[in-house]
Amino acid sequence: MVETSPSLDLFLADIVINDVRIGGIHADDAAIQHVPASTNARVYLGGGRPVYIRTADRQWLCLEPGGLFSALDGQAHYLAGQLPPETMRQKLPRTIARQVDWLVSSDGASPPVDAAKEGLQRFDYDVLYLTTSLVTNPLPDIIPPRMLMTPQQVAERPALQAAVDIFKTPDFVLDPRNGMVRLRLAEIIAISVVTFATEQLAGEGLNAYAALYDSNIRAALRDMHRRPDADWTIDTLADAAGLSRSTFIRRFREATHQSPKAYLTLLRMNIAVGHLCAGDVPIPKIAEMVGFNSAAAFARAFAAVYGKTPGRYRAESRQLR
């Protein structure tokens with residue numbers, strides 16, 4: 001595991017959550033549920049069975065029981081109790097199929113305790129849903145806005161596992177005396193998600209968190225992470241950073257120990273690997289999603305990083321499942 005740097009600790013300490021709502025969701029086996037865009041960050045805690053989530057990048061992810069999915073950017077997405085057939089995936093709904101059963105919120109509003117407690121005690125919800133105001137901290141600017149953690153990855157972080165387990169305890173969640181503790185536990189989850197994301201990036205050679213103290217470079221990194229498919233050049237990235245071309249190149253290298261081009265290539269390949277391993281998105285479409293004009297150009301760039309074609313990488317990843 002990558003060690004947390006002192007500079008990262010300083011920014012983690014600034015993650016403060018002042019409101020949180022907790023709800024339960026039943027995923028529908030026969031329909032796809034649309035979750036509209038929101039100004040809030042969302043965290044889903046896996047319940048009693050797998051749930052499928054379609055993100056804005058058209059990838060279907062499987063949230064396993066005990067796993068965690070975070071959507072810090074509040075973008076719209078979809079939920080389903082089973083991986084929908086291809087025909088259903090082509091006609092995604094625009095209305096919510098099932099509402100969230102709200103259990104408690106930081107303002108003290110909650111449904112009748114007996115009813116909510118009964119639902120939680122059975123824990124028949126497919127997803128326990130936490131939503132809070134977007135974290136006002138530089139870190140979410142430079143990490144993937146949507147992250148999926150497996151049950152094993154959650155269990156490897158004892159503080160995160162403990163916080164998740166407590167949120168699944170009805171007597172704790174529904175007790176109005178625990179409002180402040182719920183906020184602190186939500187912060188533990190947020191810090192754990194952000195730390196996990198920076199570790200994942202560092203494992204791919206993407207030292208984004210090294211730029212935390214340089215707000216100009218951070219602005220360029222934020223735009224690269226949010227729009228990896230854009231036609232980025234040194235000039236457009238320098239404009240995003242508000243710097244001259246030469247100053248941008250120098251400060252980017254100082255912050256990340258990489259050239260802008262090398263960083264962007266690794267970022268795009270990292271995103272492509274996620275699509276190759278997790279779904280059935282056609283390779284030409286993946287190429288387009290990560291900023292390549294042709295599948296051939298994407299394949300050459302991919303092979304230069306991983307030593308194999310995207311098709312072979314996908315085939316080998318499926319053999320390992």
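Visitor: Which residues lie on each side of strand 6, and are they buried or exposed?
Guide: This is a predicted model, in which local features need pLDDT of at least 70, side-chain atom pairs count only at 80 or more, and totals for chains, interfaces and linings use all residues. Residues are numbered from 1 along each chain as its sequence is written, and side-chain values use heavy atoms, without hydrogens or water. Strand 6 (a DSSP run of E, at least two residues, numbered from the N terminus) is covered on both faces. Its residues are all buried (under 20% relative accessible area with a 1.4 Å probe, protein chains only): Leu68 and Ser70 on one side, Phe69 and Ala71 on the other.

Visitor: Nice start! Which strands pair with strand 6?
Guide: Pairing here takes at least two DSSP bridges between two strands. Strand 6 (residues 68–71) has 4 antiparallel bridges with strand 10. It also has 4 bridges, again antiparallel, with strand 3. So the partners, each by the two-bridge rule, are strand 10 and strand 3.

Visitor: Which residues stand opposite Leu68?
Guide: Look to strand 3 and strand 10, the two strands that pair with strand 6. Leu68 faces one residue in the pairing with strand 10, Met149. The other residue opposite Leu68 is Leu45.

Visitor: Within strand 10, which side chains point to the buried face?
Guide: In a regular strand, side chains alternate between the two faces of the sheet. Strand 10 (residues 146–149) shows this alternation, with Arg146 and Leu148 pointing to a face where they are not buried. Arg146 is also the residue that stands opposite Ala71. Pointing to the other face, and buried, are Met147 and Met149.

Visitor: Which strands stand at the edges of the open sheet?
Guide: This sheet has 4 strands in the order 2-7-4-5, paired antiparallel. Two of them have a single partner strand each, so one side of each is left without a neighbour in the sheet. Those edge strands are strand 2 (33–35) and strand 5 (60–63).

Visitor: And which residue stands opposite Val35?
Guide: Strand 2 is joined to strand 7 (residues 77–80) by 3 bridges, and the two run antiparallel. Within strand 7, the residue opposite Val35 is His77.

Visitor: What is the volume of the largest cavity?
Guide: A cavity is a set of points on a 1 Å grid over the protein atoms where a 1.4 Å probe fits but cannot get out. Points are joined across faces, edges and corners, and the volume is the space filled by probe spheres set on them. There are 2 cavities of 30 Å³ or more. The largest has a volume of about 120 Å³.

Visitor: Which elements give two or more residues to the lining of the largest cavity?
Guide: Lining residues have an atom within 4 Å of a cavity point. There are 13 of them, and Ile17, Val43, Thr132, Ala186 and Ala190 are the closest to the centre. The elements that give two or more are strand 3 (40–46), strand 9 (127–133) and, as a helix (a DSSP run of H or I, at least four residues), helix 7 (179–203).

Visitor: What is phi of His257 near?
Guide: Most residues other than glycine have a negative phi. His257 lies in the loop between helix 10 (245–256) and helix 11 (260–278). It is exposed (over 50%), with a relative accessible area of 63%. Its phi is positive, near 60°.

Conventions
1 Å grid on protein atoms, 1.4 Å probe; cavity = no way out; pocket = protein on both sides within 12 Å on 5 of 7 lines; lining within 4 Å.
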